[in-house]
Amino acid sequence: LEVAARLAETCTRLGVGFVFKASFDKANRTSGDAFRGPGSNAGLAILAEVKAQLGVPLCTDVHEVSQVEAAAEVCDILQVPAFLCRQTDLLRAAGASGRCVNLKKGQFMAPQQMIPAVEKVRQAGGQRVLLTERGSCFGHGDLVVDFRGFPRLRDEAPLLFDATHSAQAPGSAGDRSGGDVSHVPVLARAAAGAGVDGFFMETHPDPPRGLSDAATMLPLDEVEPLLRELLKLWSVSRG
């Protein structure tokens, strides 16, 4: 509620559309002992409270077909995680839910390889589809962003850029992903210049205390200054 309220107020003041995203279950953590979240029932109840108090649209991850129906009752956007972006049954269930579907591009996928994933969602009835670029695997334990792929992805669906996950070094901290949060503003500015349609960013009031992706979460106080920069660049790139 603290994070959602701060972001909602900031985005309203800046005239930016805002969707609050949080996960009830992080099923793709590096270690089996890592914190995963409160689970479906408790997590969706928290998200419902966020919507009731703040009136903001919501997004959450679905990892299994069995999660789709309950998540769709609460959330406006269902997100398919990057590692699951080829899972036909999950894509079809999300597409049939009646909700907008955000497909995170797999770290192992070329831009053109996401077209069949979008088609699976649409064939199931999902006509509102978003794509999110979050970097591609390079060597061992690092991600790179290939901005050449942005036009190809935007030809297929509106494109978001995940500025924080793109700064990750997956699995580099042994039992968790590492990364360098200082890369986030640089990558985000480049994406704004490339004309991306929106941004996905993880933020936390005190990132070192974060239980997931602490190394790449943007401090909450730094979100507004970055958004102001991105709006200036975005307005130029979009004409």
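This briefing covers the overall build of one chain, its main sheet and a few individual residues. The model is predicted. Its secondary structure comes to 8 helices and 13 strands. The radius of gyration is 17 Å, close to the 18 Å that the globule rule gives for 239 residues, so the chain is as compact as a globular protein of that length. An open sheet of 7 strands runs through the description below.

**Overall build**

- Along the principal axes, the C-alpha atoms fill a box of roughly 40 × 40 × 40 Å.
- Of the 239 residues in the chain, 47% are buried.
- Take the contacts with a separation of 6 or more: 63% of them are between residues 24 or more positions apart.
- The chain has an accessible surface of about 11,400 Å². Carbon and sulfur atoms account for 52% of that surface.
- There are 25 positive and 28 negative side chains. The centres of these two sets lie 4 Å apart.

**The seven-strand sheet**

- The strand order is β1-β2-β3-β4-β5-β8-β11, and the pairing is parallel.
- The edge strands are β1 (20-21) and β11 (198-200). Each of these pairs on one side only.
- Strands of a sheet pair through backbone hydrogen bonds, either parallel or antiparallel.

**Strand to strand, from the β1 edge**

- β1 and β2 run parallel and are joined by 2 bridges. K21 has C59 as its bridge partner in β2.
- β2 (residues 58-61) pairs with β3 in the parallel sense over 3 bridges. C59 appears again here, with I77 of β3 as its bridge partner.
- β3 and β4 also run parallel, joined by 4 bridges. Q79 has N102 as its bridge partner in β4.
- β4 (residues 100-104) is joined to β5 (residues 129-133) by 4 bridges, again in parallel. N102 has L130 as its bridge partner in β5.

**How the inner strands are covered**

- In β2, L58 and T60 point one way, while C59 and D61 point the other way. All four of these residues are buried.
- Strand β3 (residues 77-80) is covered on both faces. I77 and Q79 are buried on one side, L78 and V80 on the other.
- β4 has 5 of its 5 residues buried. C100, N102 and K104 lie on one side, with V101 and L103 on the other.
- Some bridge residues named above are buried too: C59 in β2, I77 and Q79 in β3, and N102 in β4.

**The loop between β12 and β13**

- D213 is found in the loop between β12 (203-204) and β13 (218-219).
- Phi of D213 is near 60°, a positive value in a residue other than glycine. Most residues other than glycine have a negative phi.
- D213 counts as buried because its relative accessibility is 14%, and the cut-off for buried is under 20%.
- T216 is placed in the loop between β12 and β13 as well. At 1% relative accessibility, T216 counts as buried.
- T216 touches a set of residues more than four places away in sequence: T164, A167, Q168, G178, G179, D180, V181 and V184.
- T216 and H183 are 33 residues apart in sequence. Their C-alpha atoms are 8.7 Å apart in space.

**Helix α1 and a distant stretch of sequence**

- T10 sits in helix α1 (residues 2-14). Its relative accessibility is 8%, so T10 counts as buried.
- Beyond residues up to four places away in sequence, T10 touches E224 and L227.
- T10 and V223 are 213 residues apart along the chain. In space, 8.7 Å separates their C-alpha atoms.

**An exposed loop residue**

- F138 is in the loop between β6 (136-137) and β7 (143-144).
- F138 has a relative accessible area of 54%, so it is exposed, the cut-off being over 50%.
- F138 and A169 are 31 residues apart in sequence and 9.7 Å apart in space, C-alpha to C-alpha.

Conventions
Residues are numbered from 1 along each chain as its sequence is written. This is a predicted model: local features need pLDDT of at least 70, side-chain atom pairs count only at pLDDT 80 or more; totals for chains, interfaces and linings use all residues. Side-chain values use heavy atoms; hydrogens and water are left out. The radius of gyration is taken over C-alpha atoms; the globule rule is 2.2 Å times the number of residues to the power 0.38. Buried means under 20% relative accessible area, exposed over 50%, partly exposed in between (1.4 Å probe, protein chains only). Contact means heavy atoms within 4.5 Å. Accessible areas come from the Shrake-Rupley method with a 1.4 Å probe; for residues, only the protein chains shown count as cover. Lys and Arg count as positive and Asp and Glu as negative; His and the chain ends are not counted. The place of a charge is taken as NZ of Lys, CZ of Arg, CG of Asp or CD of Glu. Two strands pair if DSSP finds at least two bridges between them.
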